[in-house]
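Trainee: Hi, could you walk me through this structure?
Mentor: Sure, take a look here.

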Amino acid sequence: MTSSSVEIGPSGLVVDGEEKVLLCASLFSFRLPREEWAARLAQVRATGYDAVDVYVPWNFHELEPGRWDFTGRRDVGTFLDLAHEAGLLVVARPGPYICSEWDGGALPAWLTLEPGLRLRQAEPRYLEHVREWFEQVLPVLAARQHGRGGSVVAVQLENELDFFDCDDRAGYVGALADLARGHGITVPLVACAGQGDLVGATGGVDGVVPAFNFYPDDRSPHVEAEVRRYAELVAGRGEPLLVTETNRRHVTLRRLLVSGATLLAPYLQASGFDLGYTPSVGNWGEPGSFMTHDYDFGGFLSPTGVARPEVAQGRVLAAVARTLGPALARAVPRPASHAYATDAPTSVSPSLLELHGGGTLLGVPNLGESWATATVPVGGGRADVEVPLPPESCLLVLRDLPLDALGAAGTLRLSTADLVGAGPDGLELASCGAAVVVLEAPHGETTVVELAAPGPGAPVRQVARAGDERWDLVLRHPEDVPGPVGADVALVGNDTADADPFEDTTVPASEVVGAVRLAAPTRRGGGERYDLPPASEEVGVHRGRTHYAADVAGAAELVIEGAGDMVDLALDGVALPTLARFGAAVVVPTGGAGHLEATVETWGHANFDDARLPGLRAGSLRGLGRVWSVVARDDVSALWSVTAGEQQAGDPAPLRTLGGWSSTRVGRPVTYRRPLPVDGAHHHVLRLDGVPGSVDVLVDGARRTVVAEDPWLHLAPGEGAHVEVTLPHAPGALGGAELLRLAPVRGWQVEPQPDTAILDLAARPAEGVEVGLPLDLEPGDEAWLDVPLPAGGRSLWFAGTQVRVSAFAHGELLGRVWLGDPAAPRFSGGRPTRLWLPAAWNDGGLRLLVRATAGPDRPRLARLRTVATQE
């Protein structure tokens, strides 16, 4: 027992003694305007979900070192109060690290400016910063715990720590737990495992309960077996299976339910927006992507609050959990091979729950895209029944359920429809297809009832009789299942609000045909002198832009290392294509130019820790990075001595080109060694061609790794006298090597332009001239535009080539889009050309900052269309 009103036991998260499976939707206050909080919370409650999980981002509240803000859109206390008023429980997730595709995973950008500080470790300096954060946020949570007038029922420490190399997990998580308890957190503490390593996530700390994040392919046939394994693992510890993040599709949530999960928290059921300079650069596969302003993974509420079809499935599943109550929460999962037959693609190891008090619940998935049928044994000498399986669904077959605990008589021997309500008058069921119900009276008489498929608004009603018993049966279409009592918010909206009017010309949209181009500066000018280019964070730009300028006369080539995120270069005033390479090194020919200018804009800090690129490492800084002139080049592809294990007879070692050893032993390690012609005075970079994924490199005995995405190895003065490259043999792997001797470019003029300075310029009145759209610009140009808009909430859809657009309203940056530029990276999270202007922020106009980029096409802001959104 951890609180007088909340505990975690084998049946899950138990609030005021009520045992039930809880459904929890992610809903993030920081991704919505304050004016939308109450309405969006009411919508979630109307879906039947019991709870919301709420991240609290550290760097959203500590705007710069020591400057805290919990007011206005950052007033998380008010948001939690509104959740309580809406009747929603809260799982609070204050980090310190949250991931969430948010800028830096919520870790402040300036932390790693402190020499030697290591993130997410039991390291005194880092923990001191965490202590300061917890001193701000934990009292807000503690005052709103369940039993103290609020609805916080659990607090998550950290997030998916098992993805991260933490040296002392027990010490780190233990320190966080001590801080939480010291600030009066008495509700359960949880820590989620992102890839199933429960000790890696919790550190094995007493009192910190493991939870799990599952993100399977919705069509994977292996989901049930994997989830059951974790259910059995935690059951052996006397703990429940809490799923703190998973997919949003209810077909998958049903499969998790029948496999033993007692908390189901699909991530981002209620979508939102990355308002301001807050998206991250992420680890989404390639590697790297920019997260969009539009933060949407297809949850049941769109970013603008439009209800999607999954809402009906959510209401049904929530009603099943309410109806079965403790019997479902205390159920034990079992494998259910041969429990049904179907012509659909289905699970390789289906799950069945043994319900507490009697009865079973079987999951029958159809993982295909077409309707199918399942044959389910009835038992008792009766013929098997065939039931329809909708595409991408999971039928829940209920058997042998005693009805007395639900206020009804007899036993429900079989139902192929979802049981969404029960009482003395009968049973309420839900299905989009026909259903079979078998009921047994207390004295043993039975009846089999076949119910036709209901339609929306057309329930099927039938009276079932067995002996002296009578049951009134109602079979509803899922769209007609009501939400919980008292949560009758209409979940309907403008279904065109989130449609792209350029792709679907039937969407009613308003075309913006003109704007006012303002005679206003896009930067203040000036700045300070630096010997070497500082990181943006070093000059106070935690979000925003930094401008650099230096003389490069005499340098034929430059090497830029570690620059990010969007680097716009100009040589003698001529714009070059934007670099967006997540810090990977790049060679820039100068063409004899004498002056270099760079504007470096931060899209966001890495929300993960991806070793493949410098800008994707946790805590990586932003800015221009290191800039070098190339003094000399040496081809070092030849004269590598080879050690090839058993194939090689012995000394002397053969000399080959790098990667040139031929062997039948494919996949066996081969080591190439040679000294490099370094001079001990200069910096150098070694470029390896054709790196196959990654290779290990020993530099003077110290291990380094070089990856295909950034095949450069920096050597400080004195390094590189002896280099070893080891990789599994593969024909054609590595194609040579080159050593570049470098000299630093010195004497930089640097102008910081943090987000506050950009917002100040965006708010200033200015005179201008009317211009039409499309608007053509020259590469490197920047322009302010004032754009008139219709009233109300608007989705803003942009089209163009070679331009980046930042949109401002209500004293905020709404977001940014990057149009028609091959230099742009992949975008993830939502629609990359859409921004949203809430009704409460629309004063009839929008201010745009448009930057023209260099590339194959002419920079042009071609079109802007707006679509009315639900308010």
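Mentor: We can talk about a sheet, a helix and some aromatic rings. This is a predicted model, where local features need pLDDT of at least 70, side-chain atom pairs count only at pLDDT 80 or more, and totals for chains, interfaces and linings use all residues. Residues are numbered from 1 along each chain as its sequence is written, and side-chain values use heavy atoms, with hydrogens and water left out.

Trainee: Okay, in what order do the 4 strands of the open sheet come?

Mentor: The order is β24-β25-β29-β28, with mixed pairing. Strands are DSSP runs of E, at least two residues, and helices are runs of H or I, at least four, numbered from the N terminus. Two strands pair if DSSP finds at least two bridges between them.

Trainee: Which are the edge strands?

Mentor: Those are β24 (418-423) and β28 (460-466), each pairing on one side only. Strands β25 (residues 426-430) and β29 (residues 469-476) run parallel, joined by 5 bridges. Gly426 stands opposite Asp472 in β29.

Trainee: And which helix lies across β24 and β25?

Mentor: Helix α9 (residues 310-329), running at about 45° to β24. Contact here means heavy atoms within 4.5 Å; axes are lines fitted to C-alpha atoms, for helices over the stretch in contact, and angles run from 0 to 180 degrees between N-to-C directions.

Trainee: Where does α9 bend?

Mentor: At Thr323, by about 70°, and Pro326 follows within four residues. That bend is the angle between axes fitted to the seven residues ending there and the seven starting there.

Trainee: Why is α9 said to be largely enclosed?

Mentor: Because 17 of its 20 residues are buried, meaning under 20% relative accessible area (exposed is over 50%, partly exposed in between, with a 1.4 Å probe and protein chains only).

Trainee: Switching topic, how many aromatic pairs are there?

Mentor: The count comes to 26. Rings of Phe, Tyr and Trp (its six-membered ring) pair if their centres lie within 6.5 Å; planes under 30 degrees apart count as stacked, over 60 as edge-to-face and the rest as tilted. The rings of Trp58 and Trp133 have centres 6.2 Å apart and planes at 5°, so they are stacked. Trp58 sits in helix α2 (residues 58-61) and Trp133 in helix α4 (residues 124-142), 75 residues apart.

Trainee: Are those two buried or exposed?

Mentor: Both Trp58 and Trp133 are buried. Phe273 and Trp836 also form a stacked pair, 4.8 Å centre to centre with 20° between the planes.
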